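Got the viewer open? Set the display to cartoon, keep the selection box handy, and we'll walk through the model stop by stop.

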Amino acid sequence: MIPALLRNPTYSRILAIAAAGIPILIYYWFFGSLALNVNYLAFDDILILGIVPEFEGATWAQRWVALTTLFPEHRLVFSRSVVLVFYHLFGRVDLVWLMVVANLCWGACAIYFYKALHTAERSIWYFIPVLWLWFNVGCFENMMWGVSSLCNFGVLFFMLGSLYFAAFRPNWLALSLLLALCATYSYGNGLLVFPVLAMMQLFRRNYVQVGITLVTVLIVSKLYFTDFQPITKSLDISNMGQVEQGILGFFGFLGSHATIHAYGLTTSNLYIASITGLLLALLTVGLLIGQIPLLWQSVSKKKPYSNPLALFAIGILAFVVITALALTYKRIPTDEYIGMFKGRYRIYSTLFLLGMYLLYLGVRPKSRHITIWFMVLLSVGLNLAVLHGNFADAVNRRHMAIAEEFNARYNADWHGLRMFNMSQQHYEEIRQIYQSQDPLAEGWQPHEGLPSSRLSDSPFPIVKQTDTDDRFGMTIDQGTFKIGKNYSDGLYLLLHSAQHRYIAPFTQTPVPLKTTLRRGLYYSKYAAASLPAGNIEPGNYRVTLVERRNGQNRFYKTGQTLNKD
């Protein structure tokens, strides 16, 4: 029946539009369910929102300095500008608003891909794998991280716009350069757009544009690197251990989606990603081999390269590869091999896959109708596997963010505040700007403690308790507990004494995909929570379980105590 419908142009287009809309709906549901107005784990949001009081009563020169101040090695003008616009319009800055703007930037990138395929006269069916690849949730960290969302999604939005106009509207040089400038002041690797633009212009033999672009990047670099102070070490090529990790990390960065999960990766997962990245790189080289003579002719024989779709794809791939090299050079000495697999970096693996797909369509036009169905099925399968593998992690991260904010609010000496040299008073002043929710403080006064009359017998058996020099933690059997529609609901571990109260969420892991398909289950039976021992100040603590269900907090005694010297 479906093949017959596909032969009818009207029905075929309707089916294609429906298939294209599904990943967008999944992405919207995922974001709408999990986005929360809360500082996401690290204190980046707090630090960047500090632009608001800095602007009050400052001169324009001081405001420009505040806008362009390095953080930590990036000039986040775009993010800070969005913060200021919202504050001056509404008198507050809900962090979800920042996430919405960022995710709109991410979604708008799909318009560039659609226009590229449409200009190249490709059927809408060739756009479907693009959407299923682009709107996967493997980069959920970027979806939910306020200011960081703006940085990471903003730079890609401006970068893709700049490369699109360079490939398909080469006479619109001013717009390409403006978007490249916006990318630069969204995130540091945006500066790499300029050399990619110059390469694309060279292949088109637009030497005047090449000159203008190079002069522009020299001026922008001069401004960007004024008072620039690197805070991380760079890769030491004489250190073979670092070089080995760098090679593995480079290819792992390109193939990180092969791990499916964004967190909790094993060493074998990392190696699989690196092998996948190497294979993807080799496939890309295979696709480019036939184009090398044409690209060389564009430089040596006054014959401009005339394949805009392939040129757009080459620009995307070049940007990802240069970003991967730069990140390898900067991050390996500090974060080592595992540091190349941070959740927020996975957007570049997606972008590399899309660049390969567009390059294939550009250089292999005769065979594209043969493989489109394979690409549709592959992209759908990858999207759903990533959704299954990362939904639990995204819920856990939401719970961690809620717990982090609770700990910072009710412990003046909390490790996170000390790490960023931030007083609790300043933290609360910034928190008044975004007016976050504090669900775990509802129904009691954390500063006043928790009276015994509020405690009930726990329905969650303790399976294991850990008390070492490194961590204090607990594993429980969560039984029939299920998180409802509000994903702030969950189980939390509470340590409270006369001076301190610490909370950690019980994290849940998904069962294997085959178990989900066979039995309709998602979460495993057990849940675990822990706190680093270094974050717990000396004292005598009562160990309590907090159950948040349907927006209500219930407290259960465990009979356990912790005496920290």
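The tour takes in helices, pockets, a cavity and a few single residues.

Before you click anything: this is a predicted model, where local features need pLDDT of at least 70, side-chain atom pairs count only at pLDDT 80 or more, and totals for chains, interfaces and linings use all residues. Residues are numbered from 1 along each chain as its sequence is written, and side-chain values use heavy atoms, with hydrogens and water left out.

**Stop 1: helix α7**

Select residues 95–119, which make up α7. Helices here are DSSP runs of H or I with at least four residues, strands are runs of E with at least two, and both are numbered from the N terminus. The expected span of a helix is 1.5 Å times one less than its number of residues. For the 25 residues of α7 that gives 36 Å, and the end C-alpha atoms sit 37 Å apart, so the two agree.

Now show Asp94 as sticks: one of its side-chain oxygens comes within 2.8 Å of the backbone nitrogen of Val96, at the start of α7. That is a polar contact (a pair of N or O atoms within 3.5 Å; within protein, one must be able to donate a hydrogen and the other to accept it, and residues adjacent in sequence count only if both atoms are side-chain atoms). After α7 comes Glu121, with a positive phi near 60°.

**Stop 2: the largest pocket**

Next, select Glu73, His74, Tyr187, Leu327 and Arg331: of the 36 residues lining the largest pocket, these lie nearest its centre. On a 1 Å grid over the protein atoms alone, a pocket is an open set of points with protein on both sides within 12 Å along at least five of seven lines, a cavity is a set where a 1.4 Å probe fits but cannot get out, and lining residues have an atom within 4 Å of a point. The largest pocket holds about 980 Å³ of space; grid points are joined across faces, edges and corners, and a volume is the space filled by probe spheres set on the points.

Colour α10 (146–168), α13 (207–224) and α17 (308–335), the elements that each give two or more residues to this lining. The largest share, six residues, comes from α17. By class, the lining has 22 nonpolar, eight polar and six charged residues. Ala, Val, Leu, Ile, Met, Phe, Trp, Tyr, Cys and Pro count as nonpolar, Asp, Glu, Lys and Arg as charged, and the others, Gly among them, as polar.

Stay on α10 for a moment. Its 23 residues reach 33 Å from first C-alpha to last, close to the expected 33 Å. Is α10 enclosed by the rest of the structure, or open? Largely enclosed, because 23 of its 23 residues are buried. Buried means under 20% relative accessible area, exposed over 50%, and partly exposed in between (1.4 Å probe, protein chains only).

**Stop 3: the second largest pocket**

Jump to the second largest pocket, with about 590 Å³ of space. Of its 20 lining residues, select Leu280, Leu353, Met356, Met375 and Leu378, the closest to its centre. The elements giving two or more residues are α15 (267–289), α18 (346–363) and α19 (368–410), and α19 provides the largest share, six. This lining has 14 nonpolar, six polar and no charged residues.

**Stop 4: the cavity**

The structure holds one cavity of 30 Å³ or more, with about 90 Å³ of space. Residues to select for its lining include Leu34, Tyr40, Met99, Phe140, Arg397 and Arg398. Again α19 gives the largest share, four residues. Nine of the lining residues are nonpolar, none polar and two charged.

**Stop 5: single residues**

Click Ser256, in the loop between α14 (240–254) and α15. At 3% relative accessibility, Ser256 counts as buried. Beyond residues up to four places away in sequence, Ser256 touches Ala273, Phe341, Arg346 and Ser349, where contact means heavy atoms within 4.5 Å.

Then find Glu336 in the loop between α17 and α18. Its phi is positive, near 60°, whereas most residues other than glycine have a negative phi. Glu336 is partly exposed, at 47% relative accessibility.

Asn550 also has a positive phi, near 55°; look for Asn550 in the loop between β8 (539–549) and β9 (552–564). Asn550 is exposed, with a relative accessible area of 62%.

Finish at Ala528 in strand β7 (residues 523–532). Ala528 and Thr507 are 21 residues apart in sequence but 5.5 Å apart in space, C-alpha to C-alpha.
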